[in-house]
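Me: I have a model open on my screen and would like to understand the words people use for it. Could you walk me through the reasoning behind each label?

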Amino acid sequence: MNRKLTIGTRGSALALWQANYIKDRLQAIGVASELKIIKTQGDIVQHLRLDKLEGKGFFTKELEEELLSGQIDLAVHSHKDLPTVNPPGLTIAAVSEREDPAELLIIRKEAVDISQRISLKSKAKVGTSSNRRKAQLLSFRADLNFDDLRGNIQTRVQKLRDEKYDAIMLAKAGIERVEMDLSEFHVEAIPPIKIIPAPAQGVLAIQIRDSDQELFQILQPINDTAVQETIAVERKVLNLFDAGCHAPLGCYCRKHAGQYEVWTSVAEDNEEFPDRLFVRAESTEGLAQSIFDKFKKERELTKSVFITRDLDNDAYLSRFLKKHEIEVEGRSLIKIFPIIKHLDSFILKHVDWLFFGSKNAIDHFFRLEPFLMKKTKIAVLGQGSEQALRKYDRVADFSGDQIGVTVEEFAVEFAKIANGTKVVIPCAKESMNTVRNALSADTEVISIPIYETVQLEDVDKSNAEVLIFTSPSNVEAYFREHLLDPGQKVISIGTSTGKKFDEMGIPYVIPFSADEVGLAEAVFGLEL
């Protein structure tokens with residue numbers, strides 16, 4: 001190209017970082033460019049909540065007008081700020097690679113309570129301008145209070161320093177891009193499978209005039225086609241709901257092990273308990289439409305659920321079932337008994353890692369009042385175990401929840417950091433050894449059976465439309481005397497429980513995460 005390009009950008013530190021990043025990418029392929037700073041409605045109007053501003057493109061409209069008038073050659077946007085339909089005459093020519101789309105909860109240290117789900121003290125005040133974040137946070141912690149938060153990243157963090165909030169929530173990608181020092185706060189990264197991000201969060205969009213085909217072709221070497229494919233699903237979902245970037249809608253798509261995995265969260269407003277859906281698909285063709293169809297109000301959900309555990313009325317799954325007026329019957333079909341009454345302190349000496357594969361293992365272990373060395377780290381399989389650990393004022397150092405994988409994949413990832421160390425695994429008698437077997441021969445592994453399960457006799461049959469089984473023992477106890485009724489659906493909390501159904505030839509659904517959020521997603525997604 002024989003001309004110097006003009007890049008339009010907003011003037012915040014984050015926007016300038018993003019524009020300069022694209023400028024450097026262009027320079028690397030031999031294209032010269034310069035920046036032009038443009039103020040948008042969202043920058044100028046700071047006294048209104050974002051969802052009260054008119055239109056859907058209040059961080060992008062002015063940049064697009066300059067692009068259409070030829071004052072700039074391209075505009076760099078945070079892709080999540082863009083409306084799903086380009087103005088006539090404009091197109092997205094390229095997208096960047098995706099930064100981590102996780103959310104950061106930034107907490108003043110005096111407001112931290114790690115025993116809580118999400119490490120915030122009771123009734124804490126959270127600053128956020130996002131209806132999506134508020135709806136999802138309230139689904140986990142109904143006690144939280146919220147206040148609107150406007151301004152650039154630096155302004156928002158300063159408001160937290162000034163104690164106007166107990167915590168604020170920001171996109172991890174933005175914080176990392178400007179390399180902000182948050183060492184004075186407690187910072188908790190919440191993975192995108194837990195708090196589902198805005199469509200295209202963590203991605204930059206390069207917008208040009210669609211008539212500028214020369215520039216389109218020049219930009220293709222810096223276009224990430226894999227990211228383009230996954231965020232197209234997210235933005236199509238947003239488009240089908242006809243929702244703006246501040247609607248209480250989250251959607252996250254990734255390609256994993258050759259399949260597309262999509263999480264979606266939708267609420268009517270920022271105080272409604274959101275519905276969540278998880279789907280897997282071989283192709284993106286028709287994927288967004290199939291997700292949208294699941295959320296249609298006229299779609300019939302199950303009327304009754306049986307689950308093999310007791311449910312707290314305030315638990316996530318209970319609140320989901322109550323919202324949809326689904327009758328629930330919760331009762332365990334097993335009894336759990338401790339095997340040991342005390343732990344040999346020598347076993348726990350110089351332990352590098354503790355691994356817990358279940359909530360029961362955590363509860364029985366900590367009831368023994370173990371003495372743990374300061375260097376001892378804790379790994380847990382998923383969200384349910386992570387939450388159980390918090391009751392004992394401990395936060396997991398490594399969790400399957402953080403990376404969103406199966407038990408087998410978790411074992412491989414855990415082995416990468418635990419091989420060659422001393423690992424103690426408190427567990428059930430006759431538990432599976434998936435994690436143990438993945439560890440190398442030079443790893444000192446000690447399994448400690450600390451509890452056992454005993455199946456109940458004379459288990460009553462359930463007539464519920466959906467049966468949820470939470471352990472292999474519960475499956476054995478139920479099907480010792482009963483069969484499925486025609487039309488009854490089965491949800492298995494995990495692969496070890498699912499193997500029991502494989503043996504019986506019974507079809508079942510496995511939620512992505514073996515906790516109440518995953519179970520709610522599975523119930524919502526069932527086809528009756």
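Reply: Happy to; what follows goes label by label, from the whole chain down to single side chains. Please keep in mind that this is a predicted model.

Me: Let's begin with the whole chain. Why is the protein chain called as compact as a globular protein of its length?

Reply: The protein chain has 18 helices and 23 strands. Its radius of gyration is 25 Å, and the globule rule gives 24 Å for 528 residues; the two values are close, so the chain counts as compact as a globular protein of that length. Along the principal axes, the C-alpha trace spans about 80 × 55 × 45 Å. Of the 528 residues, 54% count as buried. Among contacts with a separation of 6 or more, 65% join residues 24 or more positions apart.

Me: Now strand β14. What makes both of its faces covered?

Reply: Look at the side chains in residues 304-307: Ser304 and Phe306 lie on one side, Val305 and Ile307 on the other, and all of them are buried.

Me: Which strands pair with β14, and in which sense?

Reply: One is β15 (residues 327-330), which pairs with β14 in the parallel sense over four bridges. Pairing needs at least two bridges, so the four bridges between β14 and β15 satisfy the rule. Within this pair, serine 304 stands opposite glutamate 327, and phenylalanine 306 has glutamate 329 as its bridge partner. Between β14 and β15 the chain passes through helix α10 (residues 316-323), and this β-α-β crossover is right-handed. The other partner is β22 (residues 466-469), again parallel, over three bridges. There, isoleucine 307 stands opposite isoleucine 468.

Me: There is also a sheet of six strands. Why are β16 and β19 called its edge strands?

Reply: The order in this open sheet is β16-β21-β20-β17-β18-β19, with mixed pairing. Both β16 (334-338) and β19 (398-399) pair on one side only, and that is what the edge label describes. Elsewhere in the sheet, β17 (residues 353-356) and β18 (residues 377-380) pair in the parallel sense over four bridges. In that pairing, phenylalanine 356 has valine 380 as its bridge partner.

Me: How do you know that helix α11 is mostly covered?

Reply: Six of its eight residues are buried. They are Ala361, Ile362, Asp363, His364, Phe365 and Phe366. Their cover includes β16, β17, β18, α12, β20 (422-428) and β21 (444-455).

Me: Phenylalanine 366 also belongs to an aromatic pair. Why is its pair with tyrosine 392 called stacked?

Reply: The search of the whole structure finds 29 aromatic pairs. In this one, the centres lie 4.9 Å apart and the planes are at 15 degrees. Planes under 30 degrees apart count as stacked, so the 15 degrees here earn that name. Phenylalanine 366 is in α11 (residues 359-366) and tyrosine 392 in the loop between α12 (383-390) and β19, so the pair ties together parts 26 residues apart in sequence.

Me: What makes phenylalanine 366 buried, and tyrosine 392 partly exposed?

Reply: Buried means under 20% relative accessible area and exposed means over 50%, with partly exposed in between. At 13%, phenylalanine 366 is therefore buried. Tyrosine 392, at 26%, falls in the middle range and therefore counts as partly exposed.

Me: And why is the pair of tyrosine 478 and phenylalanine 479 given the edge-to-face label?

Reply: Their ring centres are 5.1 Å apart and their planes stand at 75 degrees. The cut-off for edge-to-face is over 60 degrees, so this pair qualifies. Tyrosine 478 and phenylalanine 479 are both buried. They belong to one aromatic cluster with Phe306, Phe469, Phe501 and Tyr508.

Me: What makes arginine 299 a charge over a ring?

Reply: Arginine 299 lies over the face of phenylalanine 524, at 5.1 Å from the ring centre. The distance limit is within 6 Å, so 5.1 Å meets that part of the test.

Me: Finally, how do you know that threonine 421 is buried?

Reply: Its relative accessibility is 19%, and buried means under 20%, so threonine 421 makes the cut. Threonine 421 lies in the loop between α14 (407-418) and β20. Leaving out residues up to four places away in sequence, threonine 421 touches Asp352, Trp353, Thr443 and Glu444.

Notes. Residues are numbered from 1 along each chain as its sequence is written. This is a predicted model: local features need pLDDT of at least 70, side-chain atom pairs count only at pLDDT 80 or more; totals for chains, interfaces and linings use all residues. Side-chain values use heavy atoms; hydrogens and water are left out. Buried means under 20% relative accessible area, exposed over 50%, partly exposed in between (1.4 Å probe, protein chains only). Helices (H or I, at least four residues) and strands (E, at least two) are DSSP runs, numbered from the N terminus. A crossover is right-handed if, with the strands pointing away from the viewer, the path from the first strand over the helix to the second runs clockwise. Rings of Phe, Tyr and Trp (its six-membered ring) pair if their centres lie within 6.5 Å; planes under 30 degrees apart count as stacked, over 60 as edge-to-face and the rest as tilted. A charge sits over a ring if NZ of Lys or CZ of Arg is within 6 Å of the ring centre and within 35 degrees of the ring normal. The radius of gyration is taken over C-alpha atoms; the globule rule is 2.2 Å times the number of residues to the power 0.38. Contact means heavy atoms within 4.5 Å.
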